Amino acid sequence: MGDGKITQTILVVGGGISGLTAALEAAEAGHEVIIVEKNPYLGGKVTQLYQYFPKLCPPNCGLEINFKRIRSNPRIRFFTMAQLAGVSGSPGDFEVQIKISPRYVNERCTCCGECAKVCETEIPNPFNFGLDKIKAAYLPHEFAFPMRYVIDPSIVGTEEGKRVAEACSYGAIDLGMKEETLTLKAGTIIWAAGWEPYEASKIEYYGFGVYPNVINNIMMERLASPVGPTGGKILRPSDKKEAKRVAFVQCAGSRDENHLAYCSSICCLASLKQANYLMETSPEAAATIFFIDIRAMDRLEDFYTMIKANDRIRFIKSKIAMITEDEATHDLLVEGENTQTGEQVRERFDLVVLATGMAPNKVPEWLLPYVGLDEYGFVINNGSNKGVFGAGCVRRPSDVATSVQDSTAAALKAIQTIVRR
Amino acid sequence: MSKKVGVYICKGCGIGDSLDIEKLAGLPEEEYSIDTVKIHEAFCTKEGVDLIKDDIANGVNAVVIAACSPRVNYDVFDFGVDKIVERVNLREQVAWSHAPKDEDTQMLAEDNLRMGIVKANASEPPVPFKAEEDYSGKLLVVGGGLAGMTAALEAAKAGYEVILVEKEAKLGGFLNKCKQRVTFPYKELTPTGIEDMAAEVSANPNIKVYTSAKVDEISGGPCLFNLKISQNGTQITEKVGSIIQATGWVPYDAKKLPHLGYGRFKDVVTNVEFEEMAKEGKIRRPSDGGEVKTALFIQCAGSRDPEHLPYCSSVCCLVSLKQATYLKEQDPEAVSYILYKDMRTIAQAEDFYRKAQRDGNIFIRGSVEAVGDEGGKLYVAGYDELLGEKIKIEGIDLVVLAVGMVPASKPEAVPKIKAPEGAPGADSEGMIEVAADSGFFANRTLNLLYRQGPELPTLRYGFPDSHFICFPYETRRTGIYTAGCIRRPMESYQAEEDAVGAAMKAIQCIELTMRGMAVHPRAGDMSYPEFFMQRCTQCKRCTEECPFGAINEDEKANPLPQPTRCRRCGVCMGACPERIISFKNYSVPMIGDMIKAIHVPEEDEGKPRVVALICENDAYPALDMAGIKRMSWSPYIRFIPVRCLGSVNLVWIADSLSRGIDGIILLGCRHGDDYQCHFIKGSELANVRLSKVAETLQRLALESDRVRYVEIGIADYHKLPGILDDFMKVIENVGPNPYKGW
Amino acid sequence: MADPKKKGKAEGPVSYDPSFSKEVFEKVDYGEKIKMCMQCGVCAASCPLSMVMDYSPRKIFALIRAGKRSEVLSSKAIMLCTSCYSCKVRCPRKVPVVDVMHGLANYALKQGYVPREETALFGREFWKQILRLGRIDEKDLPRRYFFSKGIIPGIKKSMELADMGIVLMLHKRMKLLPERSVKGIKELRKMLEKASAMGNGGA
């Protein structure tokens with residue numbers, strides 16, 4: 001190490017798997033790190049996944065290790081319900097504004113749950129994409145880190161809000177909390193703001209948002225989770241009937257110049273994995289995967305080989321052209337051309353899962369002087385970065401292992417910025 | 001250190017409503033003569049913490065906090081590294097999961113408190129390891145291709161010194177053979193830039209380059225790696241802190257693909273041969289030097305083929321698109337056919353697929369049945385899936401086989417070892433084929449002087465990659481990381497990124513080791529195993545079972561621990577039959593004492609006792625989750641978290657049974673091909689060791705049902721109450737332990 | 001409905017001939033756009049007339065790549081496009097399928113490929129109706145087309161599709177009453193006559 005005297009902080013925007021990794025790798029190498037996360041908990045999208053491909057292991061396993069790393073490392077600080085609101089200065093000497101939304105619960109919360117007991121108002125559960133409801137005083141999810149309740153703004157200023165606050169014997173509920181903005185110094189910034197599923201309602205002929213039983217792949221993760229809104233049973237939203245015949249529509253938005261021209265990299269494997277979820281629910285369940293190309297890179301091919309061997313999972317090479325609903329049953333009619341036989345496909349399914357792609361979360365205008373974007377809005381890390389580096393899915397659509405790899409690299413790029421001066 | 005223990009019992013979060021706190025508070029003094037015992041409504045509040053701090057100011061140095069799970073309020077109850085903090089879980093695993101004001105719940109809390117006190121008494125603050133030798137903060141990079149050079153440059157830019165060893169006379173690796181690259185943003189071909197990069201590496205004052213050199217030997221461990229490098233017949237010694245292996249790949253041997261015409265027809269070449277031809281200046285027919293007007297690329301030549309390479313080589317689609325572009329640039333009238341299974345151009349690389357289409361290349365999805373020649377030209381017969389017909393493409397000047405990537409470490413032949421007597425599958429010489437994954441069989445690159453073999457252990461197909469999705473840089477040798485195509489097949493853009501990450505990990509390893517701390521997954525842990533050598537029987541179990549090859553052996557089979565290689569999992573401690581391996585804050589006697597602290601009711605009370613040894617990384621949080629969800633399970637079980645199930649020493653089972661404990665359950669991570677154990681094989685070892693216990697139990701006339709091993713993932717907490725209650729039923733059926741009360 | 005598997009299946013294996021695709025790229029309006037096709041098939045399933053086409057648009061492009069000149073230029077498919085634009089708006093590679101199909105039809109006519117009897121009949125009825133009403137009557141056009149080959153085949157074909165007609169009516173996708181002519185039909189006729197005289201009459 002050069003001189004070992006580094007005092008500049010690395011600011012990491014986004015506390016998902018990419019941000020966590022970048023922060024931890026830098027902190028374990030001896031640097032001061034601050035994480036800014038917009039959700040009330042750390043972990044990001046992966047907390048909502050039931051399993052990872054190809055090992056079919058629970059994301060919380062790795063997250064727990066990462067949280068343990070945070071617990072045992074005093075060099076990491078984090079803010080939840082927080083967003084980067086402004087940047088000025090130059091590499092090595094940034095001044096950043098961090099906007100913190102009110103949680104209405106302070107650090108005295110012991111997570112005892114008394115507030116939720118008296119709370120009657122229910123809100124659509126954001127963690128489960130509104131597939132179920134949750135009390136307006138809630139723990140975002142059982143593995144939430146930090147383990148602290150949140151009060152939904154809808155009951156703030158109401159009688160119920162007061163009752164909820166009074167139920168807390170630790171003085172942890174503060175309904176007078178206001179949005180605040182902090183100003184901090186940072187030497188370098190890692191932008192790991194992650195992604196959102198492509199807004200599938202823009203693909204009008206798939207009926208997402210119109211037909212209740214057309215869902216996206218990230219909703220499917222919650223349906224499959226044993227601790228999700230349906231207790232792990234894959235029940236279709238319209239009538240809570242168990243879905244037996246499920247269609248997976250690949251490239252829902254991706255590889256499509258009308259939507260996302262790039263390939264989202266992970267959707268093939270995600271659907272293979274989700275078809276496997278379905279297989280576990282019932283011996284009668286059957287999946288059909290409609291695809292253009294199956295892109296199972298490197299050793300992930302083994303997973304594809306394994307899934308292909310299951311005779312209850314069919315693969316049809318067809319980009320789906322139309323999904324319509326049978327109004328009486330809410331079943332879905334899926335139309336395409338089986339390009340390998342030339343036959344028209346017109347099949348009925350209980351549930352359609354759109355393999356929606358990854359859209360990078362937008363880099364704010366005021367950050368653009370410091371970091372470049374490609375034509376699709378992905379962050380470029382090359383010689384032209386001015387102290388701000390992308391990490392994970394803001395750089396390219398990628399799976400967890402690749403995001404972690406990329407974020408580890410971003411940590412070094414950030415460190416180079418602050419040790420050179 | 002002389003201990004002064006303080007016990008702090010919290011009444012918050014329902015603990016006070018569930019338990020008789022006054023009674024509980026009497027226990028430390030009655031049983032352990034501890035006079036500092038405090039009760040508070042909520043110790044996590046400022047007032048609560050101040051109470052503890054006051055006692056610390058008055059000499060308390062071991063703090064037992066009986067409150068919530070250690071997974072929460074870790075920051076609130078941090079009193080500095082020289083203070084021992086022991087957290088007794090009375091909330092998630094007692095008050096939230098068991099009947100309030102119940103005798104059994106109270107007894108559970110009492111036992112938990114006893115175990116906590118005993119543990120605090122047995123713990124010493126860890127003293128970080130520091131070897132007497134000088135530590136090196138340099139990096140060694142083996143392999144001077146794109147990945148290796150990138151790793152070296154990036155580490156150098158962060159201020160670290162790097163030693164780069166390349167076996168060829170010139171830096172650059174495979175890209176030296178390439179005409180151009182296809183890389184981000186995937187719009188057009190770009191120059192490889194490899195010569196500029198090599199010049200930059202050579203000119204960098206932080207990088208010392210050895211070309212035409214190889215590593216003869218590596219001994220030691222992180223920050224203490226001693227190297228012998230040979231170059232032009234002379235041997236050089238160096239010392240480094242951590243290592244990056246970036247030795248790349250070799251093309252799959254096309255001689256194994258005669259069905260695709262290779263070796264039979266001169267005008268069937270591999271993509272590597274095509275690249276060399278393009279780089280040299282002109283793409284010609286090798287047979288007669290004639291013009292190439294029509295070329296056909298056969299994708300997945302060997303890859304995605306169970307007979308050859310079952311995996312996808314990831315890069316070959318892009319490579320063929322690049323090479324078709326070369327041909328187009330050479331002769332705009334030339335036609336390239338690309339015969340593929342799936343076109344795999346992921347992420348932004350889809351743009352280059354579009355470019356190749358725009359150039360007019362012809363894509364055929366299908367398969368090859370035959371390659372042959374007719375009148376001096378080649379033909380390819382096969383099936384076109386999208387036409388739904390057999391095809392025969394004639395008049396081809398050049399067939400290019402898109403052969404895949406094999407890790408450079410993979411031995412050419414399947415390794416064989418001497419078969420055990422009577423083993424099935426042995427050949428006439430008594431040799432048997434084995435999976436080449438142990439570190440003994442990989443092609444020699446690092447030449448580690450390690451008890452467990454000279455090279456990095458590999459996964460299936462010979463890649464020394466990480467098995468962890470969340471931790472893709474974790475190899476099984478501490479301080480040695482891999483980068484680029486040695487790890488898995490990847491395109492050059494990814495190899496560059498990968499190398500930056502590997503450099504980060506290598507730097508981090510140095511920084512942690514310098515401070516006497518463990519690396520992942522117990523990063524920052526300052527404890528390390530100490531060996532009481534006088535009692536060692538040279539049984540070799542620790543040296544064989546360490547998942548990270550951290551322990552060497554001398555000629556007499558004495559273990560030679562290398563603490564900077566250690567990951568602090570305690571697998572050696574679990575393995576040692578003489579119990580000579582201990583950490584300052586984790587040892588065989590410590591857990592033994594905790595087990596002995598459990599009060600075992602008399603047989604006639606009808607209250608069985610079960611000890612559950614559980615993985616602290618996954619099973620323990622799962623149990624917390626079950627508590628948070630207010631699930632309930634038998635109050636007769638006493639949970640003891642362990643660093644890894646691999647650290648479970650069988651003596652604990654003997655201790656338990658001899659104390660009259662009725663049953664023992666181990667809860668650990670999934671093992672097997674898709675293992676989830678953070679220490680590779682800890683849970684597997686526990687299972688193996690336990691299977692041996694069953695025999696012993698039977699000899700002692702104890703039912704083997706009393707001991708059970710269950711795999712549990714962190715997310716399976718909803719299954720936990722069922723698993724535990726099921727085991728309790730078994731224990732009820734087998735009846736009380738006959739050794740009770742002895 | 002034609003069986004795409006049977007149609008155009010040659011005796012031996014297909015010999016790819018790039019000269020036809022080159023011809024298409026160079027001489028057919030929008031022909032070059034076909035290069036971008038990745039054979040996803042979305043056009044085929046988007047096409048309301050795919051059921052009466054011998055090849056789907058996707059397959060037409062595959063045939064062009066394979067060099068099957070006569071199959072493509074004599075196909076019904078290229079003559080049947082009604083310009084509904086479903087394929088064009090959905091094509092993920094922005095291939096203007098409608099324009100390509102029209103381009104191919106035009107090119108086929110120029111090359112002397114006369115539409116087959118039924119395609120010609122369909123086209124003639126289609127054209128007559130446009131001149132009469134200025135729009136297509138979705139019941140009347142197929143009826144006229146089906147019966148143009150005689151009474152018996154007309155009844156047979158009508159029966160085959162009766163179910164679908166009923167469903168369409170139930171969903172208000174098809175009107176029970178005959179369509180009336182558009183406003184300004186006379187002006188439209190004049191325009192069409194002018195266009196026809198300019199030689200851009202389409203298929």
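These are my notebook entries on two helix pairs, one histidine and one whole chain, all looked up in a predicted model.

**Entry 1, a helix pair in chain A**

I began with helix H1 (residues 17–28) of chain A and helix H2 (residues 59–71) of chain A, whose axes come within 10 Å and cross at roughly 40 degrees. Because angles under 35 degrees would count as roughly parallel, I looked up the label for this pair and noted that H1(A) and H2(A) are oblique to each other. I recorded the passage of H1(A) by H2(A) as a left-handed crossing. On the H1(A) side I listed Ile17(A), Leu20(A), Leu24(A), Glu25(A) and Glu28(A) as making the contact, and on the H2(A) side Leu63(A), Asn66(A), Phe67(A), Arg69(A) and Ile70(A). Sorted by class, the contact of H1(A) with H2(A) comprises six nonpolar, one polar and three charged residues.

**Entry 2, His467(B)**

Next I asked myself where His467(B) lies. I found His467(B) in the loop of chain B between strand E24 (431–433) and strand E25 (480–482). Is His467(B) buried or exposed? The relative accessibility of His467(B) is 12%, and since buried means under 20%, I entered His467(B) as buried. Leaving aside residues up to four places away in sequence, I found that His467(B) touches Lys55(A) from chain A, together with Leu459(B), Asp673(B), Asp674(B) and Tyr675(B). For one of these neighbours I also noted a distance: the side chain of His467(B) reaches the backbone oxygen of Asp673(B) at 3.2 Å. I further looked up Ala523(B), which is 56 residues from His467(B) along the chain, and found their C-alpha atoms separated by 19 Å.

**Entry 3, chain C as a whole**

I then turned to chain C, for which I counted 12 helices and zero strands. Of the 203 residues in chain C, 44% are buried. Among the contacts in chain C with a separation of 6 or more, I noted that 67% join residues 24 or more positions apart.

**Entry 4, a helix pair in chain C**

Within chain C I examined helix H3 (residues 57–66) and helix H7 (residues 97–110), whose axes come within 11 Å and cross at roughly 60 degrees. H3(C) and H7(C) are therefore oblique to each other, and I recorded their crossing as left-handed. Which residues of H3(C) and H7(C) meet? I listed Pro57(C), Ile60(C), Phe61(C) and Ile64(C) from H3(C), meeting Val97(C), Val100(C), Met101(C) and Leu104(C) from H7(C). By class, I entered the contact of H3(C) with H7(C) as eight nonpolar, no polar and no charged residues.

Note on methods:
Residues are numbered from 1 along each chain as its sequence is written. Chains are lettered from A and ligands numbered from 1 in the order in which they are written. This is a predicted model: local features need pLDDT of at least 70, side-chain atom pairs count only at pLDDT 80 or more; totals for chains, interfaces and linings use all residues. Side-chain values use heavy atoms; hydrogens and water are left out. Axes are lines fitted to C-alpha atoms, for helices over the stretch in contact, and angles run from 0 to 180 degrees between N-to-C directions. Angles under 35 degrees count as roughly parallel, over 145 as roughly antiparallel, 65 to 115 as roughly perpendicular and the rest as oblique. A crossing is left-handed if the near helix is turned anticlockwise from the far one by less than a right angle, and right-handed if clockwise. Contact means heavy atoms within 4.5 Å. Ala, Val, Leu, Ile, Met, Phe, Trp, Tyr, Cys and Pro count as nonpolar, Asp, Glu, Lys and Arg as charged, and the others, Gly among them, as polar. Buried means under 20% relative accessible area, exposed over 50%, partly exposed in between (1.4 Å probe, protein chains only). A polar contact is a pair of N or O atoms within 3.5 Å; within protein, one must be able to donate a hydrogen and the other to accept it, and residues adjacent in sequence count only if both atoms are side-chain atoms.
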